[in-house]
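Q: Got a minute to go through this model with me? I'd like to start with how two of the helices pack.

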Amino acid sequence: MFAISLGDDGAELRPLEPWRAEEFLAHMDRGREYVGRHIGLPDVVEDLDSARSFLRAYAEKATHDTGRIFGIWTGGTLVGGVMFRTMDVNHGTAEAGCWLEPSAAGKGLVTRACRVIIDWAVEERGIHRVEWYASTKNEASVAVARRLGMTKEGVLRENYPHRGVRTDTELWSVLAPEWRAAKKEQEQERTGE
């Protein structure tokens with residue numbers, strides 16, 4: 001099994017596979033209310049069977065190359081995750097998403113993890129367009145889209161029913177040429193060229 005370092009703080013990105021269902025459920029229980037403020041994941045992962053089913057669905061997506069899910073670990077504890085909720089290699093599009101429990105918020109973990117998976121999607125899988133959907137009220141998620149160099153394309157009004165309320169969603173995206181240009185610029189800044 002592989003783990004990708006997310007920096008000097010020891011955070012790691014690993015595949016989130018069905019055999020980790022108990023750990024995933026415990027993580028979701030720790031962050032259920034925090035995570036559920038803007039997304040429905042905690043409403044789907046309610047017990048061990050539903051946690052296992054959710055992770056199996058993503059294992060199936062990985063098998064068919066239509067999605068991926070990864071966990072973020074700090075100090076050996078699962079604290080969040082990133083995913084390609086959808087991925088269409090033939091059309092070169094993917095939708096990235098994330099969640100994080102409150103103990104891990106504000107440390108840049110989601111941004112660092114998303115950089116890894118977006119770079120993989122663009123460079124290894126040939127994805128041309130990565131989309132990001134965020135509730136207009138989810139300031140942290142919108143901030144991640146900005147830090148990833150995405151462009152806000154608009155607001156989908158009342159498109160997402162969440163816990164009995166229809167919410168507005170911002171649509172952000174980054175295109176492969178933009179991603180590569182920003183990566184090159186960051187590398188030049190790092191090396192002083």
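A: Sure. This is a predicted model. In it, α4 passes α6 in a left-handed crossing.

Q: At what angle do the axes of α4 and α6 cross?
A: Roughly 120 degrees, and the two axes come within 10 Å. Angles over 145 degrees count as roughly antiparallel and 65 to 115 as roughly perpendicular, so α4 ends up oblique to α6.

Q: Where are those helices in the chain, by residue number?
A: Helix α4 covers residues 109-123, and helix α6 covers residues 176-191.

Q: Which residues meet there?
A: On the α4 side you have R115, I118, D119, V122 and E123. They meet A176, W179, R180 and K183 of α6.

Q: And how many of those are nonpolar, polar or charged?
A: The α4 contact with α6 has four nonpolar and five charged residues, with no polar ones.

Q: OK, zooming out. How many helices and strands does the protein chain have?
A: Six helices and eight strands. Reading from the N terminus, the order is β-β-α-α-α-β-β-β-α-β-α-β-β-α.

Q: What's the radius of gyration of the protein chain?
A: It's 16 Å, which agrees with a compact globule, because one with 193 residues would have a value near 16 Å. The C-alpha trace spans about 50 × 40 × 35 Å along its principal axes.

Q: How much of the protein chain counts as buried?
A: 44% of the 193 residues.

Q: Last one: what share of the contacts comes from residues 24 or more positions apart?
A: 59%, counting contacts in the protein chain with a separation of 6 or more.

Conventions:
Residues are numbered from 1 along each chain as its sequence is written. This is a predicted model: local features need pLDDT of at least 70, side-chain atom pairs count only at pLDDT 80 or more; totals for chains, interfaces and linings use all residues. Side-chain values use heavy atoms; hydrogens and water are left out. Axes are lines fitted to C-alpha atoms, for helices over the stretch in contact, and angles run from 0 to 180 degrees between N-to-C directions. Helices (H or I, at least four residues) and strands (E, at least two) are DSSP runs, numbered from the N terminus. Angles under 35 degrees count as roughly parallel, over 145 as roughly antiparallel, 65 to 115 as roughly perpendicular and the rest as oblique. A crossing is left-handed if the near helix is turned anticlockwise from the far one by less than a right angle, and right-handed if clockwise. Contact means heavy atoms within 4.5 Å. Ala, Val, Leu, Ile, Met, Phe, Trp, Tyr, Cys and Pro count as nonpolar, Asp, Glu, Lys and Arg as charged, and the others, Gly among them, as polar. The radius of gyration is taken over C-alpha atoms; the globule rule is 2.2 Å times the number of residues to the power 0.38. Buried means under 20% relative accessible area, exposed over 50%, partly exposed in between (1.4 Å probe, protein chains only).
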